[in-house]
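I opened the model to look up how one chain is built, where it touches its partner, and how one pair of helices is packed. My notes follow in the order in which I looked.

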Amino acid sequence: METLLAGLRAPWPWYVAGPLIGLMVPLMLLIGNRSFGISSNLRHLCAITQPRQVAVDFFRYDWKEHTWSLVFVIGTMLGGYLAGVVFANPQPVQLTPAALAMLQSWGFAVPGREFAPPELFDPNVRNLTFLFAAGVLVGFGTRYAGGCTSGHAITGLSTLQLGSLYAVLGIFAGGLFSSWVLAPLLLR
Amino acid sequence: MTRYLPYLLAGTLFGFVLVKAEAASWYRIQEMFHFQNFHLFGVMLSAIACGFIGVQMIKRSRQRETLDGQPIAIPEKPAGRKNYIYGGLTFGLGWGVVGLCPGPVFALVGTGSIGAIAVLAGALHGTWLYGALKDKLPH
């Protein structure tokens, strides 16, 4: 019992977590012939909340056909709550010395038990504005590309889709630029 | 209602694993983009390998049916190039600073993070913006 609890609280190595994430692709096909992906739920949420008078065609469809996907993402939130609150890791994230040195040179404190740095995620006007703006890029980009890390990198690459390869190359190039250039510039 | 239960359970497992893999950690994402740790590359590569093997097993099985007996079709992404590259670049720009892609956004919202709620609110507006501008963008 003690070991089980410790195992649920500790972070999992990549060779445990990765295969479980990859399992989602065949699992969704087996459950109901569904394509695993998260960001399409952002579109469904827009379709649900779009006021009649500003109707954009992109959000005019029967979102109820995608209830399964919204239920999945409710599960994702529940899983996040269980893993991050109920079975929270008592230790701070164990960064490599290289990463620690880099973050300290950016002016960040040594990580505590939070998933994201308080310098960036503590709710004040500056941080929330910044997070909202970065979120706009995430939402715009994932819909433009028709998927995110789950739909393209995992589902798309594991089913050998050329479009997903383009998307993943774009995602990685954008991520490299922003974490090497924008992050140190904006967050310092 | 019970027909949605498998999706709820699978989604819960997914959210749990995202947090335990620390894929929802801003620190780990920076470490990944700076090639300072193999961890998240290992997560991605083993996820793709495991997904590939699972899909091949479904493809090769004689009975290609879902649990409730519908035929299984491996999803095909629409043809295109520009939309994938430009969209991917835009998403990557956001991901590299905020350290959260959509799955982890939902997982962190579940932990009650106000910051993650701000990212989600931004992502919904970004999605709406794409929907409104779609016909004017190169695809």
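I began with contacts in chain B: of those with a separation of 6 or more, 40% join residues 24 or more positions apart. I kept in mind throughout that this is a predicted model.

I then went through the elements of chain B and found 6 helices and 0 strands, which run α-α-α-α-α-α from the N terminus on. The C-alpha trace of chain B spans about 45 × 40 × 35 Å along its principal axes, and 56% of its 139 residues count as buried.

Next I looked up the interface, where 103 residues of chain B are in contact with 110 residues of chain A. On the side of chain B that touches chain A, I listed the elements that give two or more residues, among them α1 (5-20), α3 (39-60) and α6 (114-133) of chain B. The largest share of that side, 17 residues, comes from α6(B). Sorting that side of chain B by class, I noted 61 nonpolar, 34 polar and 8 charged residues.

Last, I turned to chain A, where helix α4 (residues 40-49) packs against helix α5 (residues 67-86) at an angle of about 115 degrees, with their axes 10 Å apart. Because angles of 65 to 115 degrees count as roughly perpendicular, I entered α4(A) as roughly perpendicular to α5(A). The crossing of α4(A) past α5(A) is left-handed. In this contact α4(A) contributes A:Ser40, A:Asn41 and A:His44, while α5(A) contributes A:Ser69, A:Leu70 and A:Val73; by class, these residues are 2 nonpolar, 4 polar and no charged.

Definitions and conventions:
Residues numbered from 1 in each chain as written. Chains lettered and ligands numbered in written order. Predicted model: local features only at pLDDT ≥ 70, side-chain atom pairs only at ≥ 80, totals over all residues. Helix = DSSP H or I, 4+ residues; strand = E, 2+ residues; numbered from the N terminus. Buried ≥ 20, exposed ≤ 12 C-beta atoms within 10 Å, placed from the backbone. Contact = placed C-beta atoms within 7 Å. Nonpolar A, V, L, I, M, F, W, Y, C, P; charged D, E, K, R; others polar. Axes fitted to C-alpha atoms, helices over the stretch in contact; angles between N-to-C directions. Parallel < 35°, antiparallel > 145°, perpendicular 65-115°, else oblique. Left-handed = near helix turned anticlockwise from the far one by under 90°.
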